[in-house]
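Colleague: Please take a close look at the nonpolar side chains on the surface of this model. After that, please go through the rest of the chain in one connected account.

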Amino acid sequence: MNWNWLFTNLAAGLLLPPLNLLLLGTVGFWLARRRPRLGRSLLGLALLGLWLLATPWVAGRLLATLELPYAPIRGGEAEAIVILGGGLRYDAPEFGGGDTLNARTLERVRYGARLQRLTGKPVLVTGGAPEGESAEGPLMKAVLEAEFGVPVAWVEERSANTRENARFSAPLLRAAGIRRIYLVSHVWHLPRAIPEFEREGFAVVAAGTGYQSSGDSHCFDFLPSASALMSSYYACHEWVGVVWYRLRG
């Protein structure tokens, strides 16, 4: 277990929905008898915030604040493709009880495979084992080669976060003379990831996936859903991460 990763994620959990709103509501409920007006206000604020963050309309607009404009990739902009891991699913019975890529990582791997076929550039996959289980990097390599038929040139498997993705991938790329990279991740993650690779001296071409639909709003966009709350969580997580990395330099 990576204790720094554990502490960071516990601290982030206190700042992110839904736990931050549940804690606010709990405080409001506890104060309701002693200070009724303040208690009811906090409880109402928590419920309102939870409802808003669970609506597709709010979730979509939060993610839009992080999305980089889409730019077509033609093939000559960079020298290698770097795919960032996004987590694993553990003890999957349908895969023999072993660990496998979760939906986020699989989405990134799928787009990375498409990009490799388009550009012919070598691929680096990066992702460690912060929870002390399987490392993401080797599993990403296995899926790319066995299921997508895409060769992987480098595997980084020590990193526990986005900053370490860049730090530990950099020596592998420099040794091969790579200076310009396509960086593959979810588009809402790239504003945090790109500066980390630029800090290591690379020119970065954004290769984002997971763009949100820009269609017109309709009445169902204001009905709460679990998927919308998850999208709001991702957006808040990334903004907290961006601020935290800037504070740390």
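Modeller: Helices here are DSSP runs of H or I with at least four residues, numbered from the N terminus. With that in hand, α1 (3-15) and α2 (19-31) each supply at least two residues of the nonpolar patch. The model is a predicted one. The patch lies on the surface and is formed by L14, L15, L19, L22 and L23, which together have about 460 Å² of accessible area. Helix α2 provides the largest share, 3 residues.

L19 is one of the patch residues and is found in helix α2. Its relative accessibility is 36%, so L19 counts as partly exposed, a class that lies between the 20% limit for buried and the 50% limit for exposed. Between the two helices that feed the patch there is a loop, and P18 lies in this loop between α1 and α2. The peptide bond from P17 to P18 is cis, with omega near 0°.

As for the chain around this patch, its 249 residues include 43% that count as buried. The secondary structure comes to 9 helices and 7 strands. Taken along the principal axes, the C-alpha atoms fill a box of roughly 65 × 45 × 45 Å. The accessible surface of the chain is about 13,400 Å², and carbon and sulfur atoms account for 60% of that. Counting contacts between residues at least 6 apart in sequence, 71% join residues that are at least 24 apart.

From the surface to the interior: the largest nonpolar core has 21 residues, and the members that touch the most other members are I83, L115, V123, L144 and Y182. At least two residues of this core come from each of β1 (80-84), α5 (103-119), β4 (123-126), α6 (136-147), β6 (180-186) and β7 (203-209). Helix α5 gives the most, with 4 residues. V123 can serve as an example of how a core member is surrounded. With neighbours within four places in sequence left aside, V123 is in contact with I81, I83, Q116, L144, V150, P151, V152, A153 and W154. A second core, separate from this one, has 17 residues, among them V82, L124, L173 and F197.

Helix α5 also holds R110. R110 has a relative accessible area of 60%, so this arginine is exposed, the cut-off being over 50%. The C-alpha atoms of R110 and V143 are 9.4 Å apart in space, while the two residues are 33 apart in sequence.

Next come the aromatic rings. A search of the whole structure gives 4 aromatic pairs. W57 and F222 form a stacked pair, with 5.7 Å from centre to centre and 25° between the planes. W57 lies in helix α4 (residues 56-64) and F222 in the loop between β7 and α9 (226-248), so this pair ties together parts that are 165 residues apart in sequence. W57 is partly exposed at a relative accessible area of 32%, and F222 is partly exposed at 39%. Y70 and Y211 form an edge-to-face pair, at 5.8 Å from centre to centre and with 90° between the planes. Because Y70 sits in the loop between α4 and β1 and Y211 in the loop between β7 and α9, the pair links parts that are 141 residues apart in sequence. Y70 is exposed, with a relative accessible area of 54%, whereas Y211 counts as partly exposed at 33%. In addition, W188, Y233 and Y234 form one aromatic cluster.

One backbone detail remains. D91 has a positive phi of about 55°, although this residue is not a glycine. D91 lies in strand β2 (residues 88-92) and counts as exposed at 55% relative accessibility.

To return to the part you asked about: the patch consists of L14, L15, L19, L22 and L23, with at least two residues from each of α1 and α2, and a cis peptide bond runs from P17 to P18.

Note on methods
Residues numbered from 1 in each chain as written. Predicted model: local features only at pLDDT ≥ 70, side-chain atom pairs only at ≥ 80, totals over all residues. Heavy atoms only, no water. Patch = residues over 30% accessible without salt bridge, like charges linked within 9 Å, V, L, I, M, F, W, Y side chains within 5 Å. Areas by Shrake-Rupley, 256 points an atom, 1.4 Å probe, with all protein chains shown as cover. Salt bridge = Lys/Arg side-chain N within 4 Å of Asp/Glu carboxyl O. Buried < 20%, exposed > 50% of the residue type's maximum accessible area, 1.4 Å probe, protein only. Core = buried A, V, L, I, M, F, W, Y, C linked by side-chain atoms within 4.5 Å. Contact = heavy atoms within 4.5 Å. Phe/Tyr/Trp six-rings, centres within 6.5 Å; stacked < 30°, edge-to-face > 60°.
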